[in-house]
Amino acid sequence: DTGSAAAVPIDDVDIAYVTPVTIGTPPQTLQLDFDTGSSDLWVFSSHTPASQVRGQEIYSPNKSSTAKLLEGHTWSITYGDGSASRGNVYVDNFTVGGLSVAQQAVQTAQQVSSSFTSETNIDGLLGLGFSTLNTVSPKSQLTFFDNAKASLDSPVFTVDLKAQAAGTYDFGFIDKAKYTGEITYVPVNTNPGYWTFTSSGYAVGSGSFSSQSITGIADTGTSLVYLPTAIVTAYYRQVSGATNSRNYGGYVFPCSSALPTFTFGVGDARFTIPSSYISYSPIAPGSSTCFGGLQSSSGLGINIWGDVALKAAFVVFNGANPPTIGWAKK
Ligand SMILES: CCCC[C@H](NC(=O)[C@H](Cc1ccccc1)NC(=O)N1CCOCC1)C(=O)N[C@@H](CC1CCCCC1)C(O)(O)C(F)(F)C(=O)NC
């Protein structure tokens, strides 16, 4: 089997991307944020208090003839940005881009934090991390990818995110039309459940490439890139008027400032993030102060290659044993 579905940016700065999925019988369509940084598949549902729902599509298990409650199972998750949700668990038919799983665990939200309520374009998350991260108790559940893997032509999914345009999540095949040149594969460390790999170094603009190991996670669910402070200060030293603002929680600079590109290495391959991706967004609509798409990871304890980096490449998440991750230009 294979599957292919669109990844659509939810706003004009690509803060996140959503992908249509169908759940149950008759099919209920929701737009989910596919997230390689977590492993819970959870949805706004008929169990979510009306006060916490603001226009999101909901999944109603009682309207699905194939839904079954997973008795006594609950889940609760808190994300890096402090957002959180929790609830119950059903199993039901689940389809992404023509690829179906019969008994997928679908976690229904009984409580979502305010940031989820206010993000009206996200109806839930589909975790594509390793199933060891799943929070369902007493028995943890498998991700959609892990459930589908055995039936896939190849045990892979690929990510092709685009700036202000619809990209794709492909399951079970690698589409040669989506990339150029070779795919460079590097090992993945599956502890603690993320797609963790080691980049071979970086360069700022046309500067020399600094070879060094930068271990981090490839994370479709994180908007920006978070790297060690030394690298980030080296970058913003080249941006006139840039400051690390406690007030705005990161590096900001005059929107009129020229920004260098940022290049990162994967093995011998080099990937360049265009300046436009790093001039992430004005700190407020119409402001002439802009927030950077490259920020320090010092407070996080982990480096994150989020959407700003993923947009610059075609990435293969290879779920074979052992797993690897492949990066190609596009
Ligand atoms: C600072 C460290 C990373 C924070 C990261 N969040 C983010 O990157 C959120 C994503 C978001 C999307 C839409 C609306 C609102 C927020 N964006 C964000 O904090 N910003 C602030 C900086 O400007 C850019 C937007 C995160 O928690 N990512 C989660 C998944 C998101 C959770 C919130 C909803 C959208 C998905 C993650 O799973 O990828 C994780 F790996 F980080 C994680 O927490 N795993 C357990």
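An oxygen atom of the ligand lies 2.5 Å from an N or O atom in the side chain of aspartate 35. The model is predicted, with local features needing pLDDT of at least 70 and side-chain atom pairs counting only at pLDDT 80 or more, while totals for chains, interfaces and linings use all residues. Residues are numbered from 1 along each chain as its sequence is written, and side-chain values use heavy atoms, with hydrogens and water left out.

The table gives polar contacts of the ligand (pairs of N or O atoms within 3.5 Å).

| Ligand atom | Protein partner | Distance |
|---|---|---|
| oxygen | aspartate 35, side-chain N or O atom | 2.5 Å |
| oxygen | glycine 80, polar backbone atom | 2.6 Å |
| nitrogen | aspartate 81, side-chain N or O atom | 3.0 Å |

On its own the ligand has 850 Å² of accessible area, of which the protein covers 83%; areas come from the Shrake-Rupley method with a 1.4 Å probe. Around the ligand are 25 residues, and Asp35, Gly37, Gly80, Asp219 and Ser223 come nearest; a residue counts as near if one of its heavy atoms lies within 4 Å. This shell has 13 nonpolar, 7 polar and 5 charged residues, where Ala, Val, Leu, Ile, Met, Phe, Trp, Tyr, Cys and Pro count as nonpolar, Asp, Glu, Lys and Arg as charged, and the others, Gly among them, as polar.

Strands E5 (residues 68–78) and E6 (residues 84–96) pair in the antiparallel sense over 7 bridges. Strands are DSSP runs of E with at least two residues, helices are runs of H or I with at least four, and both are numbered from the N terminus; pairing requires at least two DSSP bridges. Isoleucine 77 stands opposite serine 85 in E6. Between the two strands of this hairpin are 5 residues, and glycine 82 takes a positive phi near 90 degrees there.

Some loops hold backbone exceptions. Most residues other than glycine have a negative phi, and most peptide bonds are trans. Aspartate 14, not a glycine, has a positive phi of about 55 degrees; this residue lies in the loop between strands E1 (3–9) and E2 (17–23). The bond from serine 137 to proline 138 is cis, with omega near 5 degrees, and proline 138 is found between strand E8 (124–127) and helix H2 (144–148). Asparagine 191 and proline 192 are also joined by a cis peptide bond, with omega about -5 degrees.

Key
Polar contact = N/O pair within 3.5 Å; in protein donor to acceptor, adjacent residues only side chain to side chain.
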